[in-house]
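Please look at the sequence and the model shown below, and keep both at hand while you read. The report that follows goes through selected strands, sheets, cores, loops and a pocket, one after another.

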Amino acid sequence: MHNYVTWLRDSSPYINAHRDRTFVVMLPGDGLEDPNFANIVHDLVLLHSLGVRLVLAFGSRPQIEARLAARGIEPRFHRDLRITDAATLECVIDAVGSMRIALEARLSMDMAASPMQGARLRVASGNFITARPIGVHDGVDYQHTGEVRRVDRKGIGRLLDERTIVLLSPLGYSPTGEIFNIACEDIATRAAIDLEADKLVLYGSERGLRDESGKLVRELRPPQIPAYLERLVGTYQAELLDAAAQACKGGVRRSHVISYAEDGSLLNELFTRDGGDGTLVTQEQFEQLREATIEDVGGLIDLITPLEEQGILVRRSREVLEREVEQFSIVERDGLIIACAALYPIADSDSGELACLAVNPEYRHGGRGDELLERIEARARKLGLKTLFVLTTRTAHWFRERGFEPSGVERLPAARASLYNFQRNSKIFEKAL
């Protein structure tokens with residue numbers, strides 16, 4: 001019960017932040033056949049009930065393959081893109097229609113004692129995508145394979161305003177009445193851009209993206225993407241990353257690559273501060289080191305109060321923090337202050353004091369203390385200070401490892417020595433800048 005209550009309280013800021021936001025979610029055909037699909041539907045319904053404006057773009061590649069095999073038709077591809085002739089188009093229409101109906105049925109459930117009880121969702125699909133043919137490339141005619149020409153932004157917007165979930169199938173229609181087969185990743189990306197969506201969520205088989213050592217990459221920014229695309233060339237993860245990159249370039253603030261096979265991956269990614277097992281692609285800096293402002297006082301209090309209660313830090317009142325907040329540098333992670341440090345120039349001297357260095361216990365071992373120390377030292381040099389002092393009761397070795405030498409009260413400038421608390425008996429260290 002405690003874990004549930006804690007999770008619900010911690011997720012409240014995200015519930016408020018996501019309300020009335022537009023999310024485009026892309027679910028490939030493989031995800032529709034995965035055993036976890038029912039849980040994904042429940043999570044989407046929960047998003048809708050929390051006020052998220054939801055657009056669901058779905059794919060049907062394995063379903064198309066099954067129908068082609070049943071009819072003895074050999075699938076043809078060029079540059080990893082399906083060539084859709086007339087016979088293949090019939091299979092595409094059959095597969096897409098079946099999947100659309102299955103999705104509408106799932107989203108219409110209202111069974112007692114289930115996550116769908118009382119949902120009463122409205123779902124709409126239609127000719128929201130205007131398409132054009134890809135045409136001939138390298139001498140190969142793609143025939144009925146197309147690309148997005150236009151998204152009916154106003155039509156989709158009206159439905160979202162009415163609290164309707166909008167389904168986008170991997171089909172588009174031309175002004176002359178032709179039908180085109182379009183990759184669901186392209187439809188989702190273009191829809192997210194044209195609708196000015198707040199998020200694009202891309203489901204894949206794997207838990208986000210991995211680096212060369214196999215470690216999950218939790219966040220990527222645009223300059224980092226080309227190197228990953230080169231390493232992942234020919235994989236579906238590369239397609240997802242490219243879609244996220246295009247969305248980012250088109251103005252979508254955040255894209256998430258998550259797994260359709262992992263139960264709860266969507267909720268973990270959207271309602272926890274560090275995400276779940278997914279990868280975030282964003283133009284924004286998810287974590288930033290900056291100087292504090294008066295608006296940060298509440299966050300500073302939340303960070304340092306537990307350390308003050310343990311006697312690790314000297315207690316500071318809100319009034320003192322408000323008065324001295326400009327002395328602080330902070331590390332902010334998605335709206336939460338997770339680390340801080342302060343620089344106090346000492347009067348009538350060329351020395352300063354590093355004080356109140358604190359890191360949230362959940363974010364230690366990430367090098368943030370070192371980043372703050374470098375920031376404070378840079379600020380001190382800019383002010384023309386020659387020596388940096390620090391007083392500590394618990395972290396002497398940490399400062400020794402970073403170039404601070406043992407010192408004493410007699411070395412402190414007079415203005416600071418007169419304030420030394422002998423009862424606290426802090427150890428004094430200094431470092432030449």
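Strand S17 (residues 254-259) is mostly covered, since 6 of its 6 residues are buried, where buried means under 20% relative accessible area, exposed means over 50%, and partly exposed lies in between, with a 1.4 Å probe and protein chains only. This is a predicted model, in which local features need pLDDT of at least 70 and side-chain atom pairs count only at pLDDT 80 or more, while totals for chains, interfaces and linings use all residues. Residues are numbered from 1 along each chain as its sequence is written, and side-chain values use heavy atoms, with hydrogens and water left out. The helices and strands named here are DSSP runs numbered from the N terminus, with at least four residues for helices (H or I) and at least two for strands (E).

In a regular strand the side chains alternate between the two faces of the sheet. Both faces of S17 are covered, with Arg-254, His-256 and Ile-258 buried on one side and Ser-255, Val-257 and Ser-259 buried on the other. Strand S13 (residues 199-204) is joined to S17 by 6 bridges, and these two strands run parallel; within this pairing, Gly-204 has Ser-259 of S17 as its bridge partner. S17 is also joined to strand S18 (residues 279-282), here by 4 bridges and in antiparallel fashion, and His-256 has Leu-280 of S18 as its bridge partner. Two strands are said to pair if DSSP finds at least two bridges between them.

Which strands make up the open sheet, and in what order? The sheet has 8 strands in the order S5-S10-S2-S1-S13-S17-S18-S16, and the pairing is mixed. Strand S5 (122-125) and strand S16 (219-220) stand at the edges with a single partner strand each, so one side of each is left without a neighbour in the sheet. Elsewhere in the order, strand S1 (residues 22-27) and strand S2 (residues 53-58) run parallel and are joined by 6 bridges, with Arg-53 in S2 as the bridge partner of Thr-22.

The largest nonpolar core has 42 residues, and Ile-156 and Leu-168 are those with the most contacts inside it; such a core is a set of buried Ala, Val, Leu, Ile, Met, Phe, Trp, Tyr and Cys residues joined through side-chain atoms within 4.5 Å. Helix H9 (residues 236-249) gives the most to this core, with 7 residues. Apart from it lies another core, of 38 residues, which includes Leu-54, Leu-103, Val-201 and Tyr-203. If residues up to four places away in sequence are not counted, Ile-156 touches Val-55, Phe-128, Val-151, Val-166, Leu-168 and Leu-195, where contact means heavy atoms within 4.5 Å.

The protein is divided into domain 1 (2-284) and domain 2 (288-432), with bounds that come from an automatic or database domain assignment. The C-alpha centres of the two domains lie 46 Å apart.

Strand S21 (336-345) is mostly covered, with 8 of its 10 residues buried. S21 is joined by 6 bridges to strand S20 (residues 328-333), and the two run antiparallel, with Ala-342 in S21 as the bridge partner of Phe-328. S21 is likewise joined by 6 bridges to S22 in an antiparallel pairing, in which Cys-340 has Ala-358 of S22 as its bridge partner.

Most residues other than glycine have a negative phi, and most peptide bonds are trans. The table lists residues with a positive phi.

| Residue | Place | Phi |
|---|---|---|
| Gln-143 | loop between strand S8 (140-141) and strand S9 (146-151) | about 55° |
| Asp-334 | turn of the hairpin of S20 and S21 | about 50° |
| Asp-348 | hairpin of S21 and S22 | near 60° |
| Asn-425 | loop between H15 and strand S25 (427-432) | about 60° |

Gln-143 counts as partly exposed because its relative accessibility is 32%, whereas Asn-425 is exposed, with a relative accessible area of 55%.
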